[in-house]
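Welcome! Let's walk through this structure together, one question at a time.

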Amino acid sequence: MAKVRDGRRCVRYKCGLISTIQDVLRKRPDWVEVKDEEEWDFNWSDASSVRENFHMFMKEHVRINHFPNYYELTRKDLMVKNLKRFQKGLEKDFGRTEASRCDFFPSTFALPSEYHLFVGEFSRSPGSTWIMKPVGKSQGKGIFLFRKLKDIMDWKKDSSRTEEQTDAMHVENYVAQRYIENPYLINGRKFDLRVYVLVTSFVPLKAWLYRDGFARVSGTRFSLSTIKDKYMHLTNVSVQKTAPDYNPEKGCKWQLQQLRRYLTAKHGREMVETLFKEMDNLFVRSLQSVQKAIINDKHCFELYGYDILLDQNLKPWLIEVNASPSYAHSSQEDYDMKCRLLEDTLNVVDMEGRLTGKEKRVGGYDLMWNNGPVYKEDVNPQTLGSLCFTANTHLGCVNDREKQLRQLLNPFQFQKKL
Ligand code: ADP
């Protein structure tokens, strides 16, 4: 807490976004909004404006919701570059088995710079499907699938332009990525998962996993017979919303709890636990892969939105990480979930100074990694295999956050009530 107003301590916040986060900040007791040039203690803004808001000399207690070069993990080409480098390092230092734990991203090449490497791999698997994605865009914009090299020649040349025009234009950077051809389907439809991971420090790495999240299910049945139908192949809500038969009442989201129950009923508890453990592995390794690249600053935290696709073998694939995940909502349930997530993010960041710093759980957040694995209270690390290193996670499990917060933030009052 920073400033005293009317005899009370308060947190002065600045918020550059008009969305759910504004509602959450406004409701927070003793937080006051400041505008323009006024001094602030807490800043929540879009990732693209972090440079304007980040200052070299910020006071000890000040917090801002992005790291200065957050894009090392969130730009499609940089994420893969960092992951490949990290994987190589693991292989060199610890061997193949350890490096294989990073086999959770589809084979990807940056274009135009890795064009020749890409063509080499492309020709080794004739007939397979690839996906082209512009590195700096989001919401499915500019994405297309292809099976023939000539389809990306068209992209490179773009016959509608003269050569002079093409030269004058800056050729947009893309990644070419192997398309997951066997996605797990629900009622014949493809989906991907949105999971939230909060990082409060990169060195040492301290990361929290939120219990809630959702699956975005396509409204069109999946098939590989056509690669032109974006409603079938791209699960972004922003894409699905524009489908002619989109039904806003039904929407296209499943809460993670619902998905976890569905998968458990179909495949049994053990298989689903393995899947969720593999996801824990994916979160931690991807964060480790950028530990050296990201400028660690104690004033920064980052709420990442992970996009994960499951295939028919229940293997999770990392598709993308977002630094400004959407807080827009498609239903009341969705709005409530995002409010819970944002409130708990503020609880972990703890501008009010109510935590001890030793907590393994704050509301819906479970501490997943704290400069090393974090285990559940009742688990003996000696008896676990190395895959289970992030055992203190409850993704898609019950989120009884209010009860936990009552106990955590107000133990005295809670005991009195009991
Ligand atoms: P954007 O940033 O534009 O949302 P994404 O990389 O998240 O780009 O891709 C958009 C959608 O395309 C994903 O939600 C997913 O449904 C689909 N997709 C992306 N990459 C792949 C892939 N390698 N295999 C299968 N589907 C993919």
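Q: How do the residues of the shell around the ligand divide into nonpolar, polar and charged?
A: This is a predicted model, and in it 23 residues surround the ligand. Sorted by type, the residues of that shell divide into eight nonpolar, seven polar and eight charged.

Q: Which residues are the closest to the ligand?
A: The ligand is surrounded by 23 residues in this model. A residue counts here if one of its heavy atoms lies within 4 Å of the ligand. The closest are K133, G140, T235, N236 and E320.

Q: How far is a polar side-chain atom of T235 from an oxygen atom of the ligand?
A: Let's take the side chains in turn. K76 has a polar side-chain atom 2.8 Å from an oxygen atom of the ligand. For E320, an N or O atom in the side chain is 2.7 Å from a ligand oxygen. For T235, the distance from a polar side-chain atom to an oxygen atom of the ligand is 2.6 Å.

Q: How much of the ligand's accessible area does the protein cover?
A: E320 has a side-chain N or O atom 2.7 Å from an oxygen atom of the ligand. On its own, the ligand has 540 Å² of accessible area. The share of this area that the protein covers is 99%.

Q: Which elements give two or more residues to the shell around the ligand?
A: The protein covers 99% of the ligand's own accessible area. The elements that give two or more residues to the shell are β7 (130–134), β9 (174–178), β11 (189–201), β14 (302–310) and β15 (316–322).

Q: Where does the ligand lie with respect to domain 1 and domain 2?
A: Domain 1 covers 1–105 + 185–417, and domain 2 covers 107–179. Both give residues to the shell around the ligand, so the ligand lies between domain 1 and domain 2.

Q: What span should helix α4 have, at 1.5 Å a residue?
A: Helix α4 runs over residues 76–94, which makes 19 residues. The expected span is 1.5 Å times one less than the number of residues. The end C-alpha atoms are 27 Å apart, which agrees with the expected value of 27 Å.

Q: Which residues of α4 are buried?
A: To count as buried, a residue needs under 20% relative accessible area. In α4 the buried residues are K76, D77, L78, M79, V80, N82, L83, F86, Q87 and L90.

Q: What is omega for the cis peptide bond that joins V203 and P204?
A: There is a cis bond from L111 to P112, with omega near 10°, and P112 sits in the loop between β6 (108–111) and α6 (115–124). P204 has its place in the loop between β11 and β12 (206–221). For the cis bond joining V203 and P204, omega is about -5°.

Q: Is N187 buried or exposed?
A: N187 lies in the loop between β10 (185–186) and β11, and its phi is near 50°, a positive value in a residue other than glycine. The cut-off for exposed is over 50% relative accessible area. With a relative accessible area of 54%, N187 is exposed.

Q: Is L314 buried or exposed?
A: L314 is in the loop between β14 and β15. Its phi is near 60°, a positive value in a residue other than glycine. The relative accessible area of L314 is 5%, so L314 is buried.

Q: What separates the C-alpha atoms of S324 and H66?
A: S324 is placed in the loop between β15 and α13 (332–349), and at 35% relative accessibility S324 counts as partly exposed. S324 and H66 are 258 residues apart along the chain. Their C-alpha atoms are separated by 9.1 Å.

Note on methods
Residues are numbered from 1 along each chain as its sequence is written. This is a predicted model: local features need pLDDT of at least 70, side-chain atom pairs count only at pLDDT 80 or more; totals for chains, interfaces and linings use all residues. Side-chain values use heavy atoms; hydrogens and water are left out. A polar contact is a pair of N or O atoms within 3.5 Å; within protein, one must be able to donate a hydrogen and the other to accept it, and residues adjacent in sequence count only if both atoms are side-chain atoms. Accessible areas come from the Shrake-Rupley method with a 1.4 Å probe; for residues, only the protein chains shown count as cover. Helices (H or I, at least four residues) and strands (E, at least two) are DSSP runs, numbered from the N terminus. Ala, Val, Leu, Ile, Met, Phe, Trp, Tyr, Cys and Pro count as nonpolar, Asp, Glu, Lys and Arg as charged, and the others, Gly among them, as polar. Domain bounds come from an automatic or database domain assignment. Buried means under 20% relative accessible area, exposed over 50%, partly exposed in between (1.4 Å probe, protein chains only).
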